[in-house]
Amino acid sequence: MPRSRPSPGSPSPRPSRRAVLTAGGALGLGALLAACGDDNGKDKASNAGSDGKPWSFKDDRGKTVRLKSTPKNIVAFISTAAALHDYGVECTGVFGPSKPVDGKPNPQAGDLDVDKLTSVGETWGQFNIEKYASLRPDLLISNMFPPPNLWFVPEESSKKIAALAPTIGINGARASLLEPLKRYTDLAAALGADLESEKVRAAKSRFEKAERTLREAAKANGGLKVMAMTGDADQMYVAVPDSYCDLNYFKDLGVEFVEGKKSDEWGFWEFLSWENADKYHADLIMVDNRSSALTEQQLAKKPTWNKLPAVKAGQTVPWSMEERYSYAGYAPVLEQLAAAIEKSKKLKR
């Protein structure tokens, strides 16, 4: 859990910056970097599609990638690849947590068949540049929490990585969920997705229905206090709702959240020692479901966790805090939260 920078997608909040690759890196990397040219994002596709039509996309850093044709060989953060997959756009490689957890698919991988993808790094700080270069990427895509840094792309290696292929970043912080959902729809369309396909239209329809259901559940159970959290061996971390696009959006739908106070410059969490885990009263607790976070079974070993009213009442629900930004990904999330709110009761402190 956070050793220096807590933010949305590390094993819990983000560990300190650390070099992953030794100087000199992999044999042949220098030649590959030179072959790929400079870092201006123009005309750098090595294996881009042969449609012959110029391709461009402006990302959430305000940077425009321009290629001679539509990129086909894409490497992306795992939940980004999962979102694009929902639109029928496939990636060649991924980075970030993708391995199964206790025999079950990693929640960040969505409907991806990860066995068919090459991973260039599973955990924070792991990004194998040599393996990435060997994929001859046309494009790298990741989220940002917040801009301009690309999630799970090590800062100390970012220039080398960007020299191999242009990069695109989509913002997932301090905004409404509707914004990255739209941006990924736009990006998928630019990459050749058919937005009028039956699968895509059905996912959007299900999301809109789930949106109405959650709004109705929040209204019917007004006053119910919801807390989003994650934890490690030493501390519990209470989310600052406005920093997370999903929680921000759920607030717009009427969900009432415990408002964690910013504990550091990044402003995603309030850090609490386990002795102070009861600082806030919550009727329903959303528990971080990432493979790097403590599970509810592990949390149950913390005496103060077990004493929380919501835990004693069994009023907890998984928090998909790094769900893929697609309507197919978020429709079940909204449905699950709505069902949890409908079943939960207001509890005494």
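Here is a short walk through the sheet, the nonpolar cores and the cavities of this predicted model.

Let's start with the sheet. Five strands make up an open sheet with parallel pairing, and their order is E5-E4-E3-E6-E7. At its edges you will find strand E5 (118–119) and strand E7 (167–171), each of which pairs on one side only. Strands of a sheet pair through backbone hydrogen bonds, either parallel or antiparallel. For a closer look at one such pairing, turn to strand E3 (residues 74–77) and strand E6 (residues 139–144), which run parallel and are joined by three bridges. Follow Ile74 across to E6 and you reach its bridge partner, Leu139.

Next comes the nonpolar interior. The largest nonpolar core holds 87 residues, and Ile141, Phe250 and Met286 touch the most other members. Helix H11 gives the most to this core, contributing nine residues. Phe250 is a good place to pause: beyond its neighbours within four places in sequence, Phe250 is in contact with Leu214, Val255, Phe257, Met286, Val333, Leu334 and Leu337. There is also a second, separate core of 18 residues, with Met227, Ile285, Val287 and Leu308 among them.

Finally, let's look at the empty spaces. The model has six cavities of 30 Å³ or more, and the largest cavity holds about 60 Å³ of space. Phe250 and Met286 appear again here, lining the largest cavity together with Asp246, Val317, Pro318, Trp319, Ser320, Val333, Gln336 and Leu337. Helix H7 (245–252), strand E13 (316–319) and helix H11 (327–343) are the elements that each give two or more residues to this lining. By character, the lining residues are seven nonpolar, two polar and one charged.

Technical notes
Residues are numbered from 1 along each chain as its sequence is written. This is a predicted model: local features need pLDDT of at least 70, side-chain atom pairs count only at pLDDT 80 or more; totals for chains, interfaces and linings use all residues. Side-chain values use heavy atoms; hydrogens and water are left out. On a 1 Å grid over the protein atoms alone, a cavity is a set of points where a 1.4 Å probe fits but cannot get out, and a pocket is an open set with protein on both sides within 12 Å along at least five of seven lines; lining residues have an atom within 4 Å of a point. Grid points are joined across faces, edges and corners, and a volume is the space filled by probe spheres set on the points. Helices (H or I, at least four residues) and strands (E, at least two) are DSSP runs, numbered from the N terminus. Ala, Val, Leu, Ile, Met, Phe, Trp, Tyr, Cys and Pro count as nonpolar, Asp, Glu, Lys and Arg as charged, and the others, Gly among them, as polar. A nonpolar core is a set of buried Ala, Val, Leu, Ile, Met, Phe, Trp, Tyr and Cys residues joined through side-chain atoms within 4.5 Å. Buried means under 20% relative accessible area, exposed over 50%, partly exposed in between (1.4 Å probe, protein chains only). Contact means heavy atoms within 4.5 Å. Two strands pair if DSSP finds at least two bridges between them.
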